[in-house]
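Q: I've got a fold open in the viewer and would like to learn how to read it. Can we walk through it piece by piece?

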Amino acid sequence: MKDKLFAVFQNAGDLTLKAIATHIIVAALLGLFIFISYAITHRGTIYSKKFNVTLVVLTVLTGTVMTVIGNNIALSLGMVGALSIVRFRTAIKDSRDTVYIFWTVIVGICCGVGDYVVASIGSAVTFVVLLVLGAIKAENRMLIIIRGARTKQTAVEAYVFQLFKNKAIMRVRNTTEANVEFIYEVSSAILKKAEANGNIVDGIYDLGGIEYVNIVMQNDEVSN
């Protein structure tokens, strides 16, 4: 009985040096493909070259780990136990970064077990989906921040409603004994349409008692 249990925890088949090298090299090549995909779909200030390089390394490491584990149950259980105590606290700047992390792990797993076709086809389809959907950009949200005398609260609310009707969403209204601060959210298209009829900032200052007016763009690139 002891010998049977020992046999279960042994690797079902020893990999040759060529097979091991093939697993890792293919993982590295597909990791480079992910590197190119990330560079294409992330442009501007949101692009992080360090994170992109990390994706390639993560693909190779995952493929290496899966090559070691193979069919060895003991190693699999040990790896799960080791990873369960690791806590990652890296801030994700873009929600798509999570997709790329999963992509690298899945490619590494596929390469580690020798399913190169699955890894290649899956990577190609994922790249096309990210490329197509990445071209569809969400409309930037604009924040209008107004601070002034509390006595002007009603006048500010009335003027903003006159400009944007119900399309301006009040996110914040802070008040003190003497002052009031508003934060409204509108789309860039609605703001541009309102500004076509005149300078809205000048209009707000004309109300009197206004300390400042700030207009801030809010999108995924500056949300963190």
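A: Sure, and keep in mind that this is a predicted model. Let's start with one ring: Phe 182 has a relative accessibility of 0%, so it counts as buried.

Q: What kind of aromatic pair do Phe 182 and Tyr 184 form?

A: In general, two aromatic rings are described by how far apart the centres are and by the angle of the planes. Here the centres of Phe 182 and Tyr 184 are 5.8 Å apart with 20° between the planes, and the pair is stacked. Tyr 184 is buried because its relative accessibility is 5%, and the cut-off for buried is under 20%.

Q: How many aromatic pairs does the structure hold?

A: Six of them. Take Tyr 38 and Tyr 100: with ring centres 5.1 Å apart and planes at 85°, this pair is edge-to-face, because the planes are over 60 degrees apart. The pair also ties together distant parts of the chain, with Tyr 38 sitting in helix H2 and Tyr 100 in helix H5 (residues 95–112), 62 residues apart.

Q: Are those two rings buried or exposed?

A: Buried: Tyr 38 has a relative accessible area of 1%, and Tyr 100 comes out at 0%. They also belong to one aromatic cluster, together with Phe 33, Phe 51, Trp 103 and Phe 127.

Q: Now the sheet. In what order do the strands run?

A: Reading across, the order is S2-S3-S1-S4, an open sheet of four strands with antiparallel pairing. Strand S2 (169–175) and strand S4 (210–218) each have a single partner strand, so they are the edges, and one side of each has no neighbour in the sheet. On average, neighbouring strands are turned by 15° against each other, direction ignored.

Q: How many bridges join S2 to S3?

A: Six, and the two strands run antiparallel, with S3 covering residues 179–187. One bridge to look up links Ile 169 with its partner Glu 185 in S3.

Q: Which helices pack on the sheet?

A: Look at H7 and H8. Helix H7 (residues 153–164) touches S1 (141–149), S2, S3 and S4, and its direction makes about 10° with that of S3. Helix H8 (residues 188–195) touches S1, S3 and S4, and its direction makes about 110° with that of S3.

Q: Which residues touch the most other members of the largest nonpolar core?

A: The general idea: nonpolar side chains in soluble globular proteins tend to be buried together. In this case the largest nonpolar core has 18 residues, and those touching the most other members are Ile 144, Ile 146, Val 160, Phe 164, Val 186 and Leu 191. S1, H7, S3, H8, helix H9 (200–205) and S4 each bring at least two residues to this core. Setting aside residues up to four places away in sequence, Val 160 touches Ile 146, Lys 165, Ala 168 and Tyr 184. There is also a second, separate core of 15 residues, including Val 26, Tyr 38, Cys 110 and Leu 130.

Q: One polar case to finish. Where is His 23, and what polar contact does its side chain make?

A: His 23 lies in helix H2 (residues 17–41) and is buried, with a relative accessible area of 8%. Its side chain makes a polar contact with the side chain of Tyr 116 at 2.4 Å. Leaving out neighbours within four places in sequence, the contacts of His 23 include Leu 15, Thr 67, Cys 111 and Val 113.

Technical notes: Residues numbered from 1 in each chain as written. Predicted model: local features only at pLDDT ≥ 70, side-chain atom pairs only at ≥ 80, totals over all residues. Heavy atoms only, no water. Buried < 20%, exposed > 50% of the residue type's maximum accessible area, 1.4 Å probe, protein only. Polar contact = N/O pair within 3.5 Å; in protein donor to acceptor, adjacent residues only side chain to side chain. Contact = heavy atoms within 4.5 Å. Pairing = 2+ DSSP bridges. Axes fitted to C-alpha atoms, helices over the stretch in contact; angles between N-to-C directions. Phe/Tyr/Trp six-rings, centres within 6.5 Å; stacked < 30°, edge-to-face > 60°. Core = buried A, V, L, I, M, F, W, Y, C linked by side-chain atoms within 4.5 Å.
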